[in-house]
Amino acid sequence: FREQEDGSSGNPDNVTGKWSGMIGKVISGEADLAIADITITREREQDVDFTMPYMNLGISILYKKPQKSPSLFSFMSPFSTSVWQSVLAAYVGVSLLMYVIARISPKEWTNPYPCIDESELEELENQFSLNNSFWFVTGSIMQQGSELAPISTSTRMLASVWWFFILIIVSSYTANLAAFLTIEQNEEIFSDVTELANQRADAPNFVKYGAKAGGATEGFFKASNHTMYQKMWHYMQENYDDVMMKSNKD
């Protein structure tokens, strides 16, 4: 057994047509066979025979896993921005609605001094002031309650609907937060090869891409007639020394 010095599977010379690498040694008779992860291509099959493939793989993109930096507002990740905006709007709306309904409802106007007859009082008191209305709704969100308790049917119905809404929101938030803390979220730099090829060179998060020099992937881009793949090959040619690797270890 002899190890190929340059680690190349083999590619034909554009001028002489002579093969390099392991395939070149098999053709010249220096080796009886080559054992490696050699990709079967139409061009190679014209000059050498292959055994039955032991692994079928397509062209995949390998990139470094992005590192996430901790954020001060990570606790807001379980919900999207639109959901948080909707919850905030509901919070303000229900607080104002509670204040208005409590002012309209006669039963919410009570005697603050039970020992004094209501006829002798100049004015009854309503527990749901604007501040107390917001405090009541806030206590419901935190599931801590408050010393305030609706008296009239209308305010109780509004409070019941709000409590049910908060039950769903808090349960969903808790479940999503647990998932965010236990399940690692993969950040997608790009979703497909089209986005990779159409990157702007001056973009701050520009992703360099290349292939193994002399490999089947390089040959695929080099011989492709597809406009997008030609564009990617043009980039690889311009930055050949920087993006084309000599071996799989690189």
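Which residues does Ser 133 touch, not counting residues up to four places away in sequence? They are Ser 95, Met 98, Tyr 99 and Phe 128. Keep in mind that this is a predicted model, so every value here is computed from it. Below is a friendly tour, from the whole chain down to single residues.

**The chain as a whole**

- There are nine helices and two strands in the chain.
- Reading from the N terminus, the order of elements is α-α-α-β-β-α-α-α-α-α-α.
- The chain has 250 residues, and 24% of them count as buried.
- About 18,500 Å² of surface is accessible, and carbon and sulfur atoms contribute 56% of that area.
- Among contacts with a separation of 6 or more, 52% link residues that are 24 or more positions apart.

**Transmembrane annotation**

- An unreviewed UniProt entry places the feature "transmembrane region" at residues 83–102 and 161–183.
- In the model, residues 83–102 are 100% helix and 0% strand.
- The C-alpha atoms at the two ends of the 83–102 stretch are 28 Å apart.

**Helix H4 and its partner H5**

- Helix H4 covers residues 130–141 and helix H5 covers residues 153–182; their axes come within 9 Å and cross at roughly 35°.
- The crossing of H4 with H5 is right-handed.
- On the H4 side, the contact is made by Phe 136, Val 137, Ser 140 and Ile 141.
- On the H5 side, Ala 159, Trp 162, Trp 163, Ile 166 and Val 170 take part.
- Sorted by class, this contact holds eight nonpolar residues, one polar residue and no charged ones.
- Ser 133 also sits in H4, and it counts as buried because its relative accessibility is 0%, under the 20% cut-off.

**The loop between H4 and H5**

- Gln 143 is found in the loop between H4 and H5.
- Its phi is positive, at about 55°, although Gln 143 is not a glycine.
- For context, most residues other than glycine have a negative phi.

**Helix H7 and what covers it**

- Ala 216, Glu 218 and Phe 221 are the buried residues named in H7.
- The cover over the buried residues of H7 includes helix H2 (42–45), helix H8 (227–238) and helix H9 (240–243).
- Lys 222 belongs to H7 as well, and it counts as partly exposed because its relative accessibility is 44%, which falls between the 20% and 50% cut-offs.
- Which residues is Lys 222 in contact with, leaving aside its neighbours within four places in sequence? The partners are Asn 14 and Trp 233.
- Lys 222 and Met 236 are 14 residues apart along the chain, and their C-alpha atoms are separated by 9.6 Å.

**The loop before H7**

- Phe 206 lies in the loop between helix H6 (193–197) and helix H7 (216–223).
- Is Phe 206 buried or partly exposed? With a relative accessible area of 26%, Phe 206 is partly exposed, since buried would require a value under 20%.
- Leaving aside neighbours within four places in sequence, Phe 206 is in contact with Gln 199, Arg 200, Ala 201 and Tyr 235.
- The C-alpha atoms of Phe 206 and Leu 196 are separated by 8.8 Å, with the two residues ten apart along the chain.

Methods. Residues are numbered from 1 along each chain as its sequence is written. This is a predicted model: local features need pLDDT of at least 70, side-chain atom pairs count only at pLDDT 80 or more; totals for chains, interfaces and linings use all residues. Side-chain values use heavy atoms; hydrogens and water are left out. Helices (H or I, at least four residues) and strands (E, at least two) are DSSP runs, numbered from the N terminus. Buried means under 20% relative accessible area, exposed over 50%, partly exposed in between (1.4 Å probe, protein chains only). Contact means heavy atoms within 4.5 Å. Accessible areas come from the Shrake-Rupley method with a 1.4 Å probe; for residues, only the protein chains shown count as cover. UniProt positions are given in the numbering used here, feature names are shortened, and annotations may be inferred rather than shown by experiment. Axes are lines fitted to C-alpha atoms, for helices over the stretch in contact, and angles run from 0 to 180 degrees between N-to-C directions. A crossing is left-handed if the near helix is turned anticlockwise from the far one by less than a right angle, and right-handed if clockwise. Ala, Val, Leu, Ile, Met, Phe, Trp, Tyr, Cys and Pro count as nonpolar, Asp, Glu, Lys and Arg as charged, and the others, Gly among them, as polar.
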